[in-house]
Each structure stands twice: as structure tokens, then as C-alpha cells.
Amino acid sequence: MAARAIQRVLNSPLLRREAYVGGLWTTSKDRQTFDVRNPSNRETICSVPDMTSEDVAMAIEKAYDVRKDWGGLLAKERCGIVRRWYEKVVEKHEELAYILTAEQGKPLNEARVEVSYAASFIEWFSEEGKRTFGDTIPTHAHNKRLMTIKQPVGVTALITPWNFPLAMITRKAAAALAAGCPVVVKPAEDTPLSALALANLAEEAGFPSGVYNTVTCSKDRVDSVGRELALSDKVAALSFTGSTVVGKLLMNLCSGSVKRISLELGGNAPFIVFDNADVEMAVSGAVAAKFRNTGQTCVSPNRFYVQEGIHDEFCRRLKESIECLIVNDGFADGAQQGPLINESAIEKVRRHVDDAVQKGAHVLCGAVPGPLGGSFYLPTLLTNVNSTMVMTSEETFGPIVGVAKFKTEEEAVAAANQTRYGLSGYIYSQSPSQIWRIAEALECGIVGVNEGLLSTEFAPFGGYKESGLGREGSKYGIEEYLEIKYICMGNV
Ligand code: ADP
């Protein structure tokens with residue numbers, strides 16, 4: 001099954017082995033390439049260009065040359081092309097899902113969900129792009145009239161991660177393109193094939209040459225490529241999703257040219273279950289939120305706080321649910337948990353579990369490699385977790401639940417907020433007044449109340465504190481790519 005699926009990917013017309021710059025499919029100048037691997041067995045799928053900073057400078061140049069033309073189209077014309085891109089993605093849904101599972105490892109059914117999720121952002125912004133309204137402002141003087149218009153910021157660099165290789169591109173790119181900004185997309189080195197497939201569909205959709213560019217590079221070259229994108233005067237805005245450490249580095253580099261910057265960085269989400277919660281609801285929410293993408297999701301709960309009265313029952317039922325999860329190659333029938341993305345991901349999970357167990361955590365299930373070895377790890381439940389353990393201060397990004405018991409509401413809120421991160425948080429309670437108190441007290445950008453799955457193109461996604469800057473999706477997402485111009489008309 002898996003071998004046949006990989007063969008299907010290799011035969012797919014959407015599988016591109018070249019980067020896309022200025023409307024042309026291209027190699028890197030020095031013809032270097034790097035391998036893309038299947039995380040399930042570490043076998044090479046194919047290789048793609050390892051582009052240099054000079055190659056990337058060329059892509060920026062191409063985008064810069066067309067920024068006025070693209071920004072100058074009528075919103076209806078521009079959004080029509082974005083809409084065609086959406087239709088192409090929908091048409092090639094299954095092809096995209098196969099490429100995604102091959103290079104990212106997530107189960108095929110989850111890959112299908114991601115394709116739809118990715119498409120939803122393109123559809124959304126093809127509509128929002130027509131509604132970038134300015135204001136007429138009450139005047140402060142009888143002979144003056146005040147108003148604002150919104151204009152595209154210009155060339156936008158988009159640096160994206162491997163956990164949602166399609167959706168993290170479309171959530172940024174569709175907003176930027178609809179706003180009138182040409183884009184240079186730099187996907188993660190683990191998952192460039194999904195990005196190139198999207199570029200292929202963007203080409204088919206009819207974006208003019210230079211408006212949509214995708215450059216690929218290896219880990220060895222990402223530092224210089226990142227510098228080029230962040231330092232270039234021709235790039236007006238940079239949007240990044242990834243680790244906090246790289247986000248801070250890019251933010252520093254962008255300060256040189258005072259670029260517009262949007263950051264979606266790490267999370268360390270608390271998941272709080274109160275005594276009065278519906279335990280069944282809390283368990284199914286915990287499984288949905290924690291084990292999506294094998295725990296490799298920024299909004300994944302990372303710290304579980306469960307009140308003492310419900311603690312034992314919650315843990316018992318959660319263990320039963322976790323033990324039912326099927327761990328297998330993403331192309332295998334019924335697979336629910338795929339491999340982790342690479343060796344360093346599995347290394348981190350092992351380090352977190354070992355550290356917790358050494359400091360007194362109890363293993364209720366898992367805590368060992370998965371049946372297929374390699375990058376697989378069994379879904380794990382630990383109890384007796386406390387704040388001295390690394391897994392409570394660092395984002396694990398793996399299939400590990402660590403539960404800490406608490407007594408009072410104040411204690412839970414203080415623990416939940418005791419982090420420099422603030423992307424998401426989850427509350428399970430049946431008390432409306434408690435829900436409002438906690439939802440308002442949590443220092444994070446997204447709160448799930450009796451709900452584990454929160455992401456949608458309709459709602460703003462973004463974090464407080466060191467989890468980021470700006471919002472993606474929703475009516476707010478397009479603002480990241482627009483300038484507000486105030487016009488004062490005098491002597492009226
Ligand atoms: P992770 O550790 O989860 O892979 P990263 O922040 O390293 O997260 O990766 C997210 C994205 O940032 C990827 O596209 C990666 O290639 C890119 N990246 C990594 N290091 C740099 C850098 N120094 N400059 C620019 N981009 C980078």
C-alpha cells in the first residue's frame with residue numbers, strides 16, 4: 001500500500017523538482033539539490049533545488065518588478081485569479097493529499113482534511129480581497145474632509161513550517177496576494193513538495209509571472225536565504241511561522257529595514273479540566289486537540305491541569321482512548337498516528353519523557369517507540385507531572401500528555417499563565433461564570449471552551465507574548481499585508 005502510494009506521488013504531474021521563480025521552473029544557480037525524505041522510513045522521495053541567497057535575491061527582484069502591476073489590478077480581477085487557484089486546489093485535492101502524506105507523514109485522512117483547510121483560506125481571501133475598505137472620518141475642521149484608503153505593502157516573504165505544509169502557505173499567501181502583494185514563499189526543508197505543488201497550481205490559475213514565487217533550500221543554506229529575505233530593501237513584509245528562536249532572529253534582521261513582520265511562533269497551551277466538567281467531553285477534546293498531526297501542532301495542548309475531584313476518572317478514560325489510537329504509516333488503512341517529522345523531533349520527545357519520568361512522573365501508557373521504530377513514538381500518558389519538568393516549559397511537539405493535579409481555580413490560572421508563550425488555551429467546565437473568568441484571565445490569543453478543535457478560516461489565529469505578532473485568517477488576516485493611508489482634502 002505505502003509503496004504503491006509513493007509510486008503514485010512520483011508519477012503525479014503535481015510533483016515538481018524545480019523551484020518556481022518569475023514564472024519559470026528553475027534549478028539553483030550552482031545546481032545543488034537536497035533530498036526530500038519520507039518520514040515513515042527515511043527513504044528519499046526525490047530531490048529539489050538547494051537555492052542560494054543570490055537565487056533568492058533574483059526571486060525578490062522578479063516579485064519587485066511586478067508589484068505595481070499586481071497591486072494596480074482591480075480587486076475583482078486579482079481576486080478572480082486567487083479564486084481560480086482555490087478551484088485548482090479543490091480539483092487536485094487527492095493528488096495534494098498524497099504528496100502531503102508522502103513527505104510529512106500524517107495519515108492520509110488527516111492530509112485530506114489539511115487540503116480542505118488550506119483551500120478554505122484561499123477561498124476566504126479571494127472574497128476578503130474585495131472588502132479592504134477604508135473609512136470616511138468625521139472632520140475636525142469645516143473646510144477639510146478626512147478619509148483613509150488601504151494599499152498593498154509590497155513584496156512579501158513567507159517562511160513556512162513543515163507541520164501544515166499546505167495550510168501555512170495558503171493562510172499567508174492568499175491574504176497577501178488578495179491584498180495586492182507579490183509573494184516569495186520559502187517552505188520548510190522537510191516539506192518542499194507540497195509547496196511546489198501549490199506553486200504549480202498557482203501557475204495554472206494564471207498569476208502573472210513574478211507574482212507567485214517559491215524558493216527551496218536545505219538546512220545548510222537557510223540561514224543565508226533567511227537573511228536575504230529579511231534584509232532586502234525590496235521586501236516590504238515578512239511573515240513567518242515556526243520556532244520562537246528563528247522568529248526572534250528574523251525579527252531582529254527585519255528591524256534594519258523596518259519591515260512589516262507577522263510571526264506565528266511556538267505555543268505551550270494549557271488544557272484545564274475543572275471538577276464540574278463533562279468528563280467524556282474533556283477526554284474527547286483532549287484526544288482531538290493533542291493527537292492531531294501526532295501532536296505536532298502549535299495549538300496542541302502541552303500542559304494538562306486537572307482538578308483533584310475529576311483527576312483519576314479523567315486519566316483513566318483518557319488512557320483508554322489513547323490506547324485505541326492506531327499508530328502506522330500514513331498510507332496504511334486506519335492509521336491515526338503517523339511518524340514524527342524527523343530524528344530531532346523523536347529525540348526531543350524522548351528527552352521530555354525521560355526527564356519527566358526521572359523527576360517522578362508516572363507512565364500510564366506509551367513512553368516507548370512505536371511498532372515501526374524510526375520516527376514513530378507511541379501515544380503516551382504521564383501523570384504526577386510538575387513545573388520542574390522540561391515538558392512543561394518547552395513545547396514537546398509530539399504525542400505526549402502530561403497531567404498535573406490542581407486544587408483551586410486560582411492555582412490553575414497561575415500555572416497556566418506561567419509561561420512566556422501565549423498561543424492557545426483550553427477550558428473544560430460547565431459553569432458559565434467560571435468559563436468567562438478563565439477565558440478572560442488566560443494570557444493567550446485563542447481559547448477553546450469545551451472544544452478541542454478551534455482552527456477555521458473564519459476566526460483569527462495568533463498569539464500573545466512570545467507566541468507571535470499579528471493575526472492570520474478571518475477578517476483581520478489581510479490587514480498584515482495592507483498599509484493605511486490617511487488623505488486629508490483641504491479648502492473644501
Ligand atoms: P522547526 O524547528 O520546527 O523546524 P524552524 O523555525 O527551524 O522550526 O523552521 C520553520 C521555518 O523556518 C522553516 O521554513 C525553516 O527552513 C525556516 N528557518 C530555519 N532557520 C531559519 C533561519 N535562520 N532563517 C530563516 N528561516 C529559517
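Start by selecting the shell around the ligand: its residues divide into 9 nonpolar, 5 polar and 3 charged. In this scheme Ala, Val, Leu, Ile, Met, Phe, Trp, Tyr, Cys and Pro count as nonpolar, Asp, Glu, Lys and Arg as charged, and the others, Gly among them, as polar. You are looking at a predicted model, in which local features need pLDDT of at least 70 and side-chain atom pairs count only at pLDDT 80 or more, while totals for chains, interfaces and linings use all residues. Residues are numbered from 1 along each chain as its sequence is written, and side-chain values use heavy atoms, with hydrogens and water left out.

**The ligand site**

Keep the ligand in view. It is surrounded by 17 residues, and the closest are Thr 160, Trp 162, Lys 186, Glu 189 and Ser 243; a residue is near a molecule if one of its heavy atoms lies within 4 Å of it.

Next, colour helix H9 (222–231), strand E10 (237–241) and helix H10 (244–255), each of which supplies at least two residues of the shell. Helices (H or I, at least four residues) and strands (E, at least two) are DSSP runs, numbered from the N terminus.

Now show side chains. Which ligand atom does Lys 186 approach with a polar side-chain atom? The partner is an oxygen atom of the ligand, 2.7 Å away. Ser 243 has a side-chain N or O atom 2.6 Å from an oxygen atom of the ligand. Asp 223 places a polar side-chain atom 3.2 Å from a nitrogen atom of the ligand. Taken alone, the ligand exposes 550 Å², and the protein buries 82% of that (accessible areas come from the Shrake-Rupley method with a 1.4 Å probe; for residues, only the protein chains shown count as cover).

**Lys 172**

Move on to helix H7 (residues 167–179), where you will find Lys 172. Is Lys 172 buried or exposed? Lys 172 counts as buried because its relative accessibility is 0%; buried means under 20% relative accessible area, exposed over 50%, and partly exposed in between (1.4 Å probe, protein chains only). Its side chain makes a polar contact with the side chain of Thr 241, at 2.7 Å. A polar contact is a pair of N or O atoms within 3.5 Å; within protein, one must be able to donate a hydrogen and the other to accept it, and residues adjacent in sequence count only if both atoms are side-chain atoms.

**Val 306 and Phe 397**

Select Val 306 in strand E13 (residues 301–307). Val 306 is buried, with a relative accessible area of 0%. Add Val 403: the two C-alpha atoms are separated by 6.9 Å, although the residues are 97 apart along the chain.

Then pick Phe 397, in the loop between helix H14 (390–393) and strand E16 (400–406). Phe 397 counts as buried at 16% relative accessibility. Check its backbone too: phi is near 55 degrees, a positive value in a residue other than glycine.

**Last stops**

Go to helix H16 (residues 432–441) and select Arg 437, which counts as partly exposed at 43% relative accessibility. From C-alpha to C-alpha, Arg 437 and Val 413 are 9.8 Å apart in space and 24 residues apart in sequence.

Glu 443 follows in the loop between H16 and E18. Glu 443 is partly exposed, with a relative accessible area of 34%. Its C-alpha atom is 6.6 Å from that of Tyr 464, 21 residues apart along the chain.

Finish at Asn 450, in the loop between strand E18 (446–449) and strand E19 (468–469). Phi of Asn 450 is near 55 degrees, a positive value in a residue other than glycine.
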